[in-house]
Amino acid sequence: AEEAEAIRERQEQAADNRKDARQDYAEQQKDQQERMADKLPDGTDSRVSAQANMRAEREKYQADVAARLDKAHARLQEARRRVDIGGAKTPTEVRSKISAAEKQHEVVATEARGLAGAPNEGWKDRTKTLDSHLDELD
């Protein structure tokens with residue numbers, strides 16, 4: 001059981017590290033695009049800058065979602081390992097809850113993958129729905 005917890009903690013730390021790296025990269029890309037926008041004619045620069053900000057915010061959000069999914073997956077793996085350790089002594093209800101949570105995780109992961117190509121229209125609604133589903137996994 002302690003080993004399962006240690007594995008989960010390492011997985012969660014790795015998820016945080018990946019999130020931080022993705023968010024840092026998004027910020028660097030935004031900064032680079034804003035520097036390039038400064039060299040464009042007036043009027044165009046503000047539009048390019050706004051697009052860079054929006055792109056960076058979307059990437060940061062997607063990195064956060066990926067980290068939350070990774071952490072939920074780590075918790076599910078830990079629970080599955082504990083069930084395996086418990087063997088036949090583990091109540092059927094517990095096994096059923098874990099299976100249901102794993103299915104829900106897959107549904108939410110599919111929703112998250114759909115964010116990459118999602119149009120700007122309806123973005124806020126999609127993120128609200130996804131946040132709600134992620135909260136259920138937590």
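Here is a walk through the structure above, from the overall fold down to a few side chains and then a pocket.

Keep in mind from the start that this is a predicted model. The secondary structure is easy to take in: the protein has 4 helices and 0 strands. Reading from the N terminus, that gives a run of α-α-α-α. The radius of gyration comes out at 20 Å, well over the 14 Å that the globule rule gives for 138 residues, so the protein is more spread out than a compact globule. You can get a feel for that from the C-alpha trace, which spans about 70 × 30 × 15 Å along its principal axes. As for burial, 27% of the 138 residues count as buried.

Now zoom in on the rings. How many aromatic pairs does a search of the whole structure find? Just 1 turns up. The partners are Y61 and W123, with ring centres 6.0 Å apart and planes at 75 degrees; planes over 60 degrees apart count as edge-to-face, so that is what this pair is. It's worth tracing where the two residues come from: Y61 belongs to helix α2, while W123 belongs to helix α4 (residues 123-137). They are 62 residues apart, and the pair links distant parts of the chain.

Are these two aromatics buried or exposed? The cut-off for buried is under 20% relative accessible area. Y61 has a relative accessible area of 15%, so Y61 is buried. W123 is at 13% relative accessibility, so W123 counts as buried too.

W123 has another neighbour to look at. The charged end of R58 sits over the W123 ring, 3.8 Å from the ring centre. So the ring of W123 takes part in the edge-to-face pair with Y61 and also has the charged end of R58 over it.

R58 leads on to the next stop, the largest pocket. Its volume is about 240 Å³. The pocket is lined by 16 residues, and the closest to its centre are M54, R55, A56, R58 and E59. Which elements supply at least two residues each of this lining? Those are α1 (2-37) and α2 (44-86). The largest share of the lining is from α2, which provides 8 residues. In chemical terms the lining is a mix: 7 residues are nonpolar, 5 are polar and 4 are charged.

If you want one residue to start from in the viewer, try R58: this residue is among the closest to the centre of the largest pocket, and its charged end sits over the ring of W123.

Note on methods: Residues are numbered from 1 along each chain as its sequence is written. This is a predicted model: local features need pLDDT of at least 70, side-chain atom pairs count only at pLDDT 80 or more; totals for chains, interfaces and linings use all residues. Side-chain values use heavy atoms; hydrogens and water are left out. On a 1 Å grid over the protein atoms alone, a cavity is a set of points where a 1.4 Å probe fits but cannot get out, and a pocket is an open set with protein on both sides within 12 Å along at least five of seven lines; lining residues have an atom within 4 Å of a point. Grid points are joined across faces, edges and corners, and a volume is the space filled by probe spheres set on the points. Ala, Val, Leu, Ile, Met, Phe, Trp, Tyr, Cys and Pro count as nonpolar, Asp, Glu, Lys and Arg as charged, and the others, Gly among them, as polar. Rings of Phe, Tyr and Trp (its six-membered ring) pair if their centres lie within 6.5 Å; planes under 30 degrees apart count as stacked, over 60 as edge-to-face and the rest as tilted. Buried means under 20% relative accessible area, exposed over 50%, partly exposed in between (1.4 Å probe, protein chains only). A charge sits over a ring if NZ of Lys or CZ of Arg is within 6 Å of the ring centre and within 35 degrees of the ring normal. The radius of gyration is taken over C-alpha atoms; the globule rule is 2.2 Å times the number of residues to the power 0.38.
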